Amino acid sequence: MTLFADSRARGGMLILALAFIGGTGCVAIDAVNKNRDERQQRDAEAARQRRIAELAGAAAAGNPAARTSLAYTLVSTRDRKQADVPRALDLLEQASAQDYAPAQALLGEMLGGMRSWGGYEPFGANPRDRARGIVLLQRAATKICVVQPGPDMFRVEPALRAAQLLARAGRADESRLWRARNILHCGGGDVNYLSWEAKADRASPVERIDALALLTLTGNAAAVAGAKAMLPADMVAAADRLADDLRRQVAASERDYPAPPRKELP
């Protein structure tokens, strides 16, 4: 019995020892990962500060591209305490006043509350901010199809963003028009999504007709044919009429909001 008890005791101690070793191993790995993450954050912040210093002179001299890049750099940080949103706003306001389309697109997105900037998202709740954001995006859409502040960064399609904000504001007809402009002027439109929505049983008839009409504007014949095969004839006819009407609306809208230059098209 003593031998058995001693064996059990030794076995228990061995298990405890192994558990301790395993536990300290996990702690050590966590510490290594934490140190590596902190080092990466320090390196990224040092690079961000160098970029800010590089852009500051040209931005102060009035270069709109530098002002826009600096604004984005000021809020491109994982630590919201390090983001300088007020200064970024001022720079985007200045570049937008110079009629610089990328600044108008980014400022419009910011005011519209479409994205968190530097972990700081006070925009979009104020109807005046949203309304101004729409106007800025619409202005930008007359000059560019897309803006990407830097490599591997998010893209802003001003016509599409304007459409999304208009939809949030309950202005469905205007939203549909700007979605159509994004397709016809910039080759936009998610064919897979539009095709899915046109076929979706859960979507309302109006939503399915809208989706098919917009899908028709993309010019993707195979996707259009596939969607039409899933819809009754009356809905297909309604979508065809809507697509024709949207083409006319887009052409009419170009009197106030010209299409972007052809060189900007994909």
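A disulfide is a pair of cysteine sulfur atoms within 2.5 Å. The exercises below use a predicted model.

**Exercise 1.** Find which cysteines form a disulfide, and give the handedness of the disulfide.

Solution.
1. A search of the whole structure returns one disulfide.
2. Its partners are Cys145 and Cys186, whose sulfur atoms lie 2.2 Å apart; the cut-off is 2.5 Å.
3. Cys145 sits in the loop between α5 (127–141) and α6, and Cys186 in helix α7 (residues 172–186); the two are 41 residues apart, so the pair links distant parts of the chain.
4. The S-S torsion of Cys145 and Cys186 is about -85°, and therefore the disulfide is left-handed.

**Exercise 2.** Decide whether Cys145 is buried or exposed, and do likewise for Cys186.

Solution.
1. Buried means under 20% relative accessible area.
2. Cys145 has 5% relative accessibility, so Cys145 is buried.
3. Cys186 has a relative accessible area of 8%, so Cys186 is buried.

**Exercise 3.** Describe the surroundings of Arg161.

Solution.
1. Arg161 belongs to helix α6 (residues 158–168).
2. With a relative accessible area of 13%, Arg161 is buried.
3. The Arg161 side chain makes a polar contact with the side chain of Glu109, at 2.4 Å.
4. Ser175 is 14 residues from Arg161 in sequence, and their C-alpha atoms are 9.5 Å apart.

**Exercise 4.** State which element of the chain has the lowest mean pLDDT and which the highest.

Solution.
1. For the chain, the mean pLDDT is 86, and 80% of its residues reach 70 or more.
2. Among the elements, helix α1 (residues 2–60) has the lowest mean, 71.
3. Helix α11 (residues 233–253) has the highest, 98.

Methods. Residues numbered from 1 in each chain as written. Heavy atoms only, no water. Helix = DSSP H or I, 4+ residues; strand = E, 2+ residues; numbered from the N terminus. Buried < 20%, exposed > 50% of the residue type's maximum accessible area, 1.4 Å probe, protein only. Polar contact = N/O pair within 3.5 Å; in protein donor to acceptor, adjacent residues only side chain to side chain. pLDDT = per-residue confidence, 0-100.
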